[in-house]
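Colleague: Could you take me through one part of this model in detail? I'd like to hear about the sheet and whatever packs against it.

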Amino acid sequence: MKYLFLSCALLITAASASPRPPMHLPVAAPAKKVLVFFNRQTTFAQLATIKKEVAKDGIALDYDRLAFDASGHLTAISFRVEVGDMKGSATEDNVPEDFSFGFMRDFTPGASAVLQIGNFK
């Protein structure tokens, strides 16, 4: 009887010392969105920087037509975006004051809208 009790005690000790699987859920890949908006305060230098920065994310951005006012702020734009096999373009002859015109690329796995271009109102 003592032998049976000692065996059970050793089994319980061994079971409690064994490694346990983590109790938390696996973490999903972080969401990443690239959002670019053009407004009446955008300058040529900013457009050049935007083009360079989005290229780091594999986004080809080309400007087809740009117009600026006397103070160097954007008034009209026509651009093309290409990401892998997805592409699109948009034109705005009267660039808005707010942040409602541009494009968005969502790299989140399973995203419902992976590329949006144009007016976001």
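Modeller: Here is a walk through the sheet, strand by strand, and then the helix beside it. Keep in mind that this is a predicted model.

Let's start with the layout. The sheet is open and has three strands, in the order S2-S3-S4, with antiparallel pairing. Strand S2 (60-68) and strand S4 (86-92) sit at the edges, each pairing on one side only. Going from one strand to the next, the twist averages 10°. As a reminder, strands of a sheet pair through backbone hydrogen bonds, either parallel or antiparallel.

Now for the pairing of S3 with S4. Strand S3 covers residues 74-83, and seven antiparallel bridges link S3 and S4. If you want landmarks along that pairing, Phe-79 stands opposite Ala-90 in S4, and Glu-82 stands opposite Lys-87 in S4. The two strands make a hairpin with two residues between them. One to look at in the turn is Gly-84, which has a positive phi of about 60°.

A good residue to click on in S3 is Ser-78. Ser-78 counts as buried because its relative accessibility is 12%, and the cut-off for buried is under 20%. Setting aside neighbours within four places in sequence, Ser-78 is in contact with Asp-62, Tyr-63, Asp-64, Arg-65, Ala-90 and Thr-91. Ala-90 came up earlier, as the residue opposite Phe-79.

Next, the helix. Helix H2 (residues 44-55) packs on the sheet and touches S2 and S3. The direction of H2 makes about 170° with that of S2.

To see what that packing looks like at the level of one side chain, go to Leu-47, which lies in helix H2. With a relative accessible area of 1%, Leu-47 falls under the 20% cut-off, so Leu-47 is buried. Again leaving out neighbours within four places in sequence, Leu-47 is in contact with Phe-38, Thr-42, Tyr-63, Leu-66, Phe-68, Leu-74 and Ile-77. Tyr-63 is also listed among the contacts of Ser-78. As for Leu-66, 19 residues along the chain from Leu-47, the C-alpha atoms of the two are separated by 9.8 Å.

If you'd like a route for your own viewing, begin at Gly-84 in the hairpin turn, move to Ser-78 in S3, and finish at Leu-47 in H2.

Conventions
Residues numbered from 1 in each chain as written. Predicted model: local features only at pLDDT ≥ 70, side-chain atom pairs only at ≥ 80, totals over all residues. Heavy atoms only, no water. Pairing = 2+ DSSP bridges. Helix = DSSP H or I, 4+ residues; strand = E, 2+ residues; numbered from the N terminus. Axes fitted to C-alpha atoms, helices over the stretch in contact; angles between N-to-C directions. Contact = heavy atoms within 4.5 Å. Buried < 20%, exposed > 50% of the residue type's maximum accessible area, 1.4 Å probe, protein only.
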